Amino acid sequence: MIRGDSSLEMAAITVDALADLLRNCREGVKVVDCRREEELAGGKIRGAIVLRGQQSLDELVAGTVASASVAGTSASVVVFYCLAGSAESTKCAARFVRQVRSKREGTGPEGKVLEGGAFAFIKQHHADPLLVEDFNNDK
């Protein structure tokens, strides 16, 4: 567990576990990229939502809450990642989970943080176009 703030712990997910989820049940998984603009070069996890500030987080929360009202369309796991699995993705994940649960009477998708972040995932899976997009070996 990774502490997101004083009241919420976030579960970690390994690179291999996320790759398996994305290969086998992508519809139930939402991936959120919390990296800063200058950290985006080199690729990203395929299909990841690039988060830019509080407004983007609010939009992600609103979309998650809205999709939950349509049976079977909401992600059951939301994985957050930053460059190297630092505090930024943990803070984003904790804010997301707290906001969704406040709007859905304490329920919502499971929030997880990718161990090792984008660096570890892309390093291991850069050659798999089902898992990584926009890969640039020069970055």
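Colleague: Before we start, what does "buried" mean here, and is Cys34 buried or exposed?
Modeller: Buried means under 20% relative accessible area, and exposed means over 50%. This is a predicted model, and in it Cys34 has a relative accessible area of 8%. That value is under the 20% cut-off, so Cys34 is buried.

Colleague: Happy to have that clear! Which cysteine sulfur is closest to that of Cys34, and how many disulfides does the structure hold?
Modeller: The closest cysteine sulfur to that of Cys34 belongs to Cys92, 3.5 Å away. Cys92 is buried too, with a relative accessible area of 4%. A disulfide needs sulfur atoms within 2.5 Å, so 3.5 Å is too far for a bond. The number of disulfides is therefore zero.

Colleague: Cys92 sits in helix H3, I see. What distance separates the end C-alpha atoms of H3, and what span should its 17 residues have?
Modeller: Good one to check by hand. At 1.5 Å a residue, the 17 residues of H3 should span 24 Å. The end C-alpha atoms are 25 Å apart, which agrees with the expected 24 Å.

Colleague: Which parts of the chain does the aromatic pair of Phe80 and Phe96 tie together?
Modeller: Phe80 and Phe96 form a tilted pair, 5.4 Å centre to centre with 55° between the planes. Both Phe80 and Phe96 are buried. Phe80 lies in strand S6 (residues 77–81) and Phe96 in helix H3 (residues 87–103), so the pair ties together parts 16 residues apart in sequence: S6 and H3.

Colleague: Let's turn to the nonpolar cores. Which element supplies the largest share of the largest core?
Modeller: The largest nonpolar core has 18 residues, and Leu18, Leu22, Val31, Ile45, Leu114 and Phe121 touch the most other members. Helix H1 (15–24), S3, S6 and helix H4 (117–125) each supply at least two residues of this core. The largest share is four residues, and these come from H1.

Colleague: Beyond its neighbours within four places in sequence, which residues is Val31 in contact with?
Modeller: Val31 is one of the residues that touch the most other members of the largest core. With those sequence neighbours left aside, its contacts are Leu18, Leu22, Ile45, Gly47, Ala48, Ile49, Val79 and Tyr81.

Colleague: One last stop, at Glu39. Which side chain does the side chain of Glu39 join in a polar contact?
Modeller: Glu39 lies in the loop between strand S3 (29–33) and strand S4 (44–45). At 15% relative accessibility, Glu39 counts as buried. Its side chain makes a polar contact of 2.8 Å, and the partner is Arg36.

Terms used:
Residues numbered from 1 in each chain as written. Predicted model: local features only at pLDDT ≥ 70, side-chain atom pairs only at ≥ 80, totals over all residues. Heavy atoms only, no water. Buried < 20%, exposed > 50% of the residue type's maximum accessible area, 1.4 Å probe, protein only. Polar contact = N/O pair within 3.5 Å; in protein donor to acceptor, adjacent residues only side chain to side chain. Phe/Tyr/Trp six-rings, centres within 6.5 Å; stacked < 30°, edge-to-face > 60°. Expected span 1.5 Å × (residues − 1). Core = buried A, V, L, I, M, F, W, Y, C linked by side-chain atoms within 4.5 Å. Contact = heavy atoms within 4.5 Å.
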